[in-house]
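Me: I'm new to this one, so could you walk me through how two of its chains meet?

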Protein chains: 4
Amino acid sequence: MSRVGIAVLGMGRQGQIHSRNIAYRIPEAKLVCVSDITMKQAEQVRIEGVELYDDYRKVLARKDVEAVVIATSTDTHEQIIKDCAGARKDIFCEKPIATSLKAIDEVLKIVEKAGVRFMVGFNRRFDPTFRRVREHVEKGSVGSPFIVNITSRDPQPPHFEYLKVCGGIFFDTTVHDFDMARYLTGDEIEEVYAMGNVLVDRRIGELGDLDTTMVTMKFRGGAVGSINNCRKTGYSYDQRVEVFGSNGCAIGNNETPNRAELTNSDGTHCDVPLYFNIERYPEAFFGEMKAFVQSIVNGTAVPVTGIDGRKAVVLSMAAKKSWKEHRPVRIDEIK
Amino acid sequence: MSRVGIAVLGMGRQGQIHSRNIAYRIPEAKLVCVSDITMKQAEQVRIEGVELYDDYRKVLARKDVEAVVIATSTDTHEQIIKDCAGARKDIFCEKPIATSLKAIDEVLKIVEKAGVRFMVGFNRRFDPTFRRVREHVEKGSVGSPFIVNITSRDPQPPHFEYLKVCGGIFFDTTVHDFDMARYLTGDEIEEVYAMGNVLVDRRIGELGDLDTTMVTMKFRGGAVGSINNCRKTGYSYDQRVEVFGSNGCAIGNNETPNRAELTNSDGTHCDVPLYFNIERYPEAFFGEMKAFVQSIVNGTAVPVTGIDGRKAVVLSMAAKKSWKEHRPVRIDEIK
Amino acid sequence: MSRVGIAVLGMGRQGQIHSRNIAYRIPEAKLVCVSDITMKQAEQVRIEGVELYDDYRKVLARKDVEAVVIATSTDTHEQIIKDCAGARKDIFCEKPIATSLKAIDEVLKIVEKAGVRFMVGFNRRFDPTFRRVREHVEKGSVGSPFIVNITSRDPQPPHFEYLKVCGGIFFDTTVHDFDMARYLTGDEIEEVYAMGNVLVDRRIGELGDLDTTMVTMKFRGGAVGSINNCRKTGYSYDQRVEVFGSNGCAIGNNETPNRAELTNSDGTHCDVPLYFNIERYPEAFFGEMKAFVQSIVNGTAVPVTGIDGRKAVVLSMAAKKSWKEHRPVRIDEIK
Amino acid sequence: MSRVGIAVLGMGRQGQIHSRNIAYRIPEAKLVCVSDITMKQAEQVRIEGVELYDDYRKVLARKDVEAVVIATSTDTHEQIIKDCAGARKDIFCEKPIATSLKAIDEVLKIVEKAGVRFMVGFNRRFDPTFRRVREHVEKGSVGSPFIVNITSRDPQPPHFEYLKVCGGIFFDTTVHDFDMARYLTGDEIEEVYAMGNVLVDRRIGELGDLDTTMVTMKFRGGAVGSINNCRKTGYSYDQRVEVFGSNGCAIGNNETPNRAELTNSDGTHCDVPLYFNIERYPEAFFGEMKAFVQSIVNGTAVPVTGIDGRKAVVLSMAAKKSWKEHRPVRIDEIK
């Protein structure tokens, strides 16, 4: 069996996770090399036999690299994707594809023209719990979806420096939930109404952003839905989904670190859910990478496309517009 | 101990439940008599020693009746409340107080002037699960409320004849959830946005009504919230609440008929939640009546006031307006 | 409809519960009168229209009393049953029937000869959770039973005075679990091995009794089982059962006062299970009485017979013998 | 940082799991080489840079191998341990150490004399759920242990050929649960009583073995306990533990592949627990290996000793004797 040669660009936490999954858990793939703009960071990969670069263009020059995983900072995505497409490498790119709709559209055109695979990293689609909910919907166990509710709350806000550049809560957080809503229902969102408040940290408001939000959605197929987000629970990652329909209701609950419980005179107690995405979604990070490799090996389409990536951004734009203009916004208003 | 003499007007299912609770489970009260417009229905009470009437005015003439429970049809509430106030009886009235805001305000003024107690039957406030959630909020275990989510779905739609006269889903169903949102948070709702669809039964749409709705709320204290309703689950009553805040998250789950589970090769299975309000809320019906009696015995204020009843109606009006005008509506727009 | 006239003897807590269920919740029955050896205690019934006696023989003389509920102290059961049988009344008797096997056998013979109904109060058979487990077994969802585990622990030990006269933990506590094991499996126990210790209160050991026990059972059909008991949890009543078999595993869990949960940085917390039998088994007390009345109304056999009562006592005797002799004891060793 | 050089002997499923954990998940360790009696099987390791041998003695000759993991067939353990001790390698050995008490004692003496570390692979001690239960006990949240219940049932019986040589259910299955009982309580077992039956497969009985068992235990500290085993659930691995004590009750429940649930008119459904030890205990396999490496790195004692391995075997012997002689057996009867 010849294995798919893969390079990972960007050795931040996400890049390291992808590197380890490729090297250790996906036999059909081979981690050829990694790059980072600083060599010291590239060394973080700590996997034997993997070559290190401080310039991704040298990576793209290698013939034994068939596919590239882009886990660099968001502002570099656009250029790197173009270069990868130019080098005829299949691409796995962390979200978002780019920061403007114009740039996204340009990138998608180039990628399509180059005829390379292009997959976007909406990892949660590969979480075992959410996949099972999707399966229940897909098999018809839920019937026609009527109501979709998504809860998605972080344990703690990110660093303030990050908050300044992340594009705001709708682009940083809700974007994942919009993709989840599309994934779970297999349907498209036609209209959103967004509201929110600054309850966690006053400084987030000073950035013109929100930290607690409620978005409602109207789906093409008739369903209604809600997404609630908060930058801080204080306990852990609170990630739950629900699809209620004509035949039943499928719920995806939080994952905990163990199944122990203690009953004493104060009640019955279980441990808090897993802390954050690194703890909660290891199987999802593995699953998306495995799916990417399998689409290459089997010559099939990737399961999360550039169009999926674009749609989630458009929905985030509509949500922001809805909040700013204090009214429901149709998705086709976003051009 | 002298017991509070109570009469129940209207011997429909709700009136019978109240009668039995008063007669059998509240030692501080005595069920003196009941009435119904048809004697045959009044006979349904089937409690020994209780006198029957087919005219509630005869009931009001009795000196040994100190308090009256109004469980008659909605269109009669206004007149009966006025007559009770005139007869200086304390009043427990099923919701809604009346069908127009004008009528409600008139009734509340008369009741206040008469100086009688006036309690509205929002029974769910007395459900042990929701009370416990409220306790967690009240004690500060949740901290400042940030997000409130309420799920409230019926097992089956009511009879079509009832659907025609019930005032629509916002007045018939969501009204309870608005009261729940106010109760759980101890806060007031300032703005709502309502949307929905006709997914259960086309005929509901032909009545100009919805059967599946999503309402978002903005609270005075800054919290955001959602209420989702559906006229049909197909399984049973789906009644869950959640208050998430700065210190934690309190959830009230569905109640099931037993705690048995079966694991076989298909998975682990539990029975469906309790079927409908009669099955789910017996303790709530008892609790509200006990609270009414205790406020009389102790000379204290009733826990659910006419103002509470009015506010829930105003919120339902705002929701309907929001849906019709396709925009968020501030509560103070409703006069 | 003519209702079954019933008298309740003994107005302790149990007698009061039965009285209220008969008077208020079982329309086919009529509570005619109650008795207690002290008139003051008889007055505790507090149900209108019910006559009071301080001598149960006067009760038995009433023609309108068709059936009698015996909730007096254990040492009086034998004589009262005989008198009831002599008066041709159907009998519901709290366990145990009598304190010696000889007395039980004599009583059972008299009752049979008199041709009156005789039901023993193993209320737990009527608990909705345990009934559901039994249903799973009966329908074959569990297949052939292989393993039965029963957990039965009290929140607090009874008063020391009671401990002195209750016959020991096997007769006071395990006896219920032996009946449960027979009920759940529909099978008979052939051999037991009992062990235990004094861990809760040294004084229990000084009485020659145990407070923490583990009993294993061998069933005729081949299954094995265990019963663990403790006189004190410190939290609440811990009452769980499990039947594992060739097709699956049915579990009956504890019942809690509500379905609320709180998640904060310490974990997810629920309230303790219901405190004791009064809190946990109200539906079981109602269910057994309803079943007794229905067997009279329908002319059918009672669901818990004198033989069931006898068998549970024999099993308790075998358990005690096993503990004393430090060896497994076959049930047919008990004569 | 210099890493601990480790070799894994035996490339069956267990050896492969250990190899991958050492190579990929334990940065303080380096997988130097592996061996198997057939080279083809050794090749199954599929980890780059790892040398392969078909003779473990060549492995022991390597200076860069500091520690050895023995995952070969049971009958080879004794000789390999002796050779490892002779070569002054630290040893991690899968249970059982050897098949006779005499051999175990000899091995333990040799290992002790050689002054090498010796850890036995009771992996379940490292399962996150059972660790958490142990933590609750250790911290005193449970108080003094009163009752310990362990459920341990396999999804399917092993191959018949394996059943013939495994030593019987007490040595193959219960042995793990005896170790678990000691681990959870931190206490020693003084006496056991074992019973059981052949309910799964008649042929198991023909081997003179049981497939369904119930063992009770008496602990030195006064607690009582039970272990129930079955060779077949038909659904999946059923692995639960409970420690009840003077202050509370800690329970370890089954682990499921996801946290999704579906409610429809038939009830609420979750997926079956994880299938078998490979699926249920990956973190435990990792945890035990990590603990072994850390004890080497930190120069501390291993957490599961040869004495622990010996004690579990002695308890299994006592259980078998108890069953055969149909009586409780004190552990000190086993010499």
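Me: How many residue pairs are in polar contact between chain C and chain B?
Reply: Keep in mind that this is a predicted model. The count takes in only pairs where both residues have pLDDT 80 or more. Between chain C and chain B, that comes to 20 residue pairs.

Me: Which elements of chain C give two or more residues to the side that touches chain B?
Reply: There are helices and strands on the list. The helices are α1 (13-25) and α6 (128-138). The strands, also from chain C, are β12 (249-252) and β13 (260-264).

Me: And how do the residues on that side of chain C divide into nonpolar, polar and charged?
Reply: Chain C puts 33 residues into the contact, and chain B puts in 33 residues too. For the chain C side, the split is 11 nonpolar, 12 polar and 10 charged.

Me: What area do chain C and chain B bury between them, and which three residues of chain C supply the most?
Reply: The two chains bury about 2500 Å² between them, with 43% of it on carbon and sulfur atoms. On the chain C side, three residues supply 29% of the area buried against chain B, more than any other three. They're Tyr24(C), Arg259(C) and Leu262(C).

Me: Which residue of chain C forms a salt bridge with Arg132(B)?
Reply: The rule finds 8 salt bridges across this interface. In the one with Arg132(B), the closest N and O atoms are 2.5 Å apart, and the partner is Asp271(C).

Me: What is the bridge partner of Leu262(B) in β12(C)?
Reply: Strand β13 (residues 260-264) of chain B runs antiparallel to β12(C), joined by 4 bridges. Within β12(C), Leu262(B) is partnered by Ala250(C).

Notes
Residues numbered from 1 in each chain as written. Chains lettered and ligands numbered in written order. Predicted model: local features only at pLDDT ≥ 70, side-chain atom pairs only at ≥ 80, totals over all residues. Heavy atoms only, no water. Contact = heavy atoms within 4.5 Å. Buried area = accessible area lost by both parts, 1.4 Å probe. Salt bridge = Lys/Arg side-chain N within 4 Å of Asp/Glu carboxyl O. Polar contact = N/O pair within 3.5 Å; in protein donor to acceptor, adjacent residues only side chain to side chain. Nonpolar A, V, L, I, M, F, W, Y, C, P; charged D, E, K, R; others polar. Pairing = 2+ DSSP bridges.
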